Amino acid sequence: MSVPAIQTALQQMQAMKTEVAAPAAQVNLNVQPGVQTGGFAGELKNSIDRINALQQTAAANTTAFQLGDPNVSLNQVMVDKQKAGLAFEMGVQVRNKLVSAYKDIMNMQV
């Protein structure tokens with residue numbers, strides 16, 4: 001790859017990083033102390049729901065592409081399937097870590 005191509009790729013990656021980080025930077029500052037906003041179980045459920053939504057979107061786009069929808073391209077289908085697959089793998093790894101932590105806590109002697 002040439003230097004300008006690498007610089008262009010780096011700029012695109014940095015732009016994507018700021019797009020992803022922007023929603024995470026918006027913190028709700030109106031939360032009162034002592035009031036929980038869902039906790040760990042709520043966040044876990046939201047994560048599972050997002051993984052499910054990604055998988056459903058990928059399946060819908062795959063079906064639309066197979067049926068010949070001109071608005072759905074092959075690269076869009078492949079990217080959606082990769083996003084869904086990576087999200088699922090991340091969910092499995094989080095689950096594995098949670099199970100491992102639970103086992104470690106249960107094996108502690110008091």
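**Figure 1. Confidence along the chain.** Confidence in the chain is lowest in helix H1 (residues 3-25), at a mean pLDDT of 66, and highest in H3, at 94. Please keep in mind that this is a predicted model. The chain averages a pLDDT of 82, and 79% of the residues score at least 70. One stretch deserves some caution: over residues 23-31 pLDDT stays under 50. For residues 23-31 the model has 1 contact beyond four places in sequence.

**Figure 2. The chain as a whole.** Here we step back for a moment before moving closer. The secondary structure comes to 3 helices and 0 strands, and from the N terminus on the elements run α-α-α. The chain has 110 residues, of which 9% count as buried.

**Figure 3. Helix H2 and its buried residues.** H2 spans residues 39-66. With 28 residues, H2 reaches 41 Å from its first C-alpha to its last, close to the 40 Å expected at 1.5 Å a residue. If you would like to find its buried residues in the model, look for Ile51, Ala58, Asn61, Thr62 and Ala64. What covers these buried residues includes H3. Just after H2, you will meet Gly68, which takes a positive phi of about 90 degrees.

**Figure 4. A closer look at Asn61.** Asn61 is found in helix H2. Its relative accessible area is 13%, so Asn61 counts as buried, the cut-off being under 20%. Leaving aside residues up to four places away in sequence, Asn61 touches Val72, Gln76, Val77 and Asp80. Two of these partners, Val77 and Asp80, are also on the list of buried residues of H3.

**Figure 5. Helix H3 against H2.** H3 runs over residues 74-106. Its 33 residues reach 48 Å from the first C-alpha to the last, close to the 48 Å expected at 1.5 Å a residue. The buried residues of H3 are Val77, Asp80, Ala84 and Ala87, and they pack against H2.

**Figure 6. Glu89 on helix H3.** Glu89 lies in helix H3. Because its relative accessible area is 43%, Glu89 is partly exposed, a class that sits between the 20% and 50% cut-offs. Try placing Ile51 in the same view: Glu89 and Ile51 are 38 residues apart in sequence and 9.8 Å apart in space, C-alpha to C-alpha. Ile51 itself is one of the buried residues of H2.

**Figure 7. The largest pocket.** About 300 Å³ of space lies in the largest pocket. The elements that give two or more residues to its lining are H2 and H3. H2 gives the most, with 7 residues. To trace the lining for yourself, follow Glu43, Leu44, Ser47, Ile48, Arg50, Ile51, Leu54, Met90, Gly91, Val94, Arg95 and Leu98. By class, the lining has 7 nonpolar, 2 polar and 3 charged residues. Ile51 returns in this view: this residue lines the largest pocket and is also among the buried residues of H2.

Definitions and conventions: Residues are numbered from 1 along each chain as its sequence is written. This is a predicted model: local features need pLDDT of at least 70, side-chain atom pairs count only at pLDDT 80 or more; totals for chains, interfaces and linings use all residues. Side-chain values use heavy atoms; hydrogens and water are left out. Helices (H or I, at least four residues) and strands (E, at least two) are DSSP runs, numbered from the N terminus. Buried means under 20% relative accessible area, exposed over 50%, partly exposed in between (1.4 Å probe, protein chains only). Contact means heavy atoms within 4.5 Å. The expected span of a helix is 1.5 Å times one less than its number of residues. On a 1 Å grid over the protein atoms alone, a cavity is a set of points where a 1.4 Å probe fits but cannot get out, and a pocket is an open set with protein on both sides within 12 Å along at least five of seven lines; lining residues have an atom within 4 Å of a point. Grid points are joined across faces, edges and corners, and a volume is the space filled by probe spheres set on the points. Ala, Val, Leu, Ile, Met, Phe, Trp, Tyr, Cys and Pro count as nonpolar, Asp, Glu, Lys and Arg as charged, and the others, Gly among them, as polar. pLDDT is the predictor's confidence in each residue, from 0 to 100.
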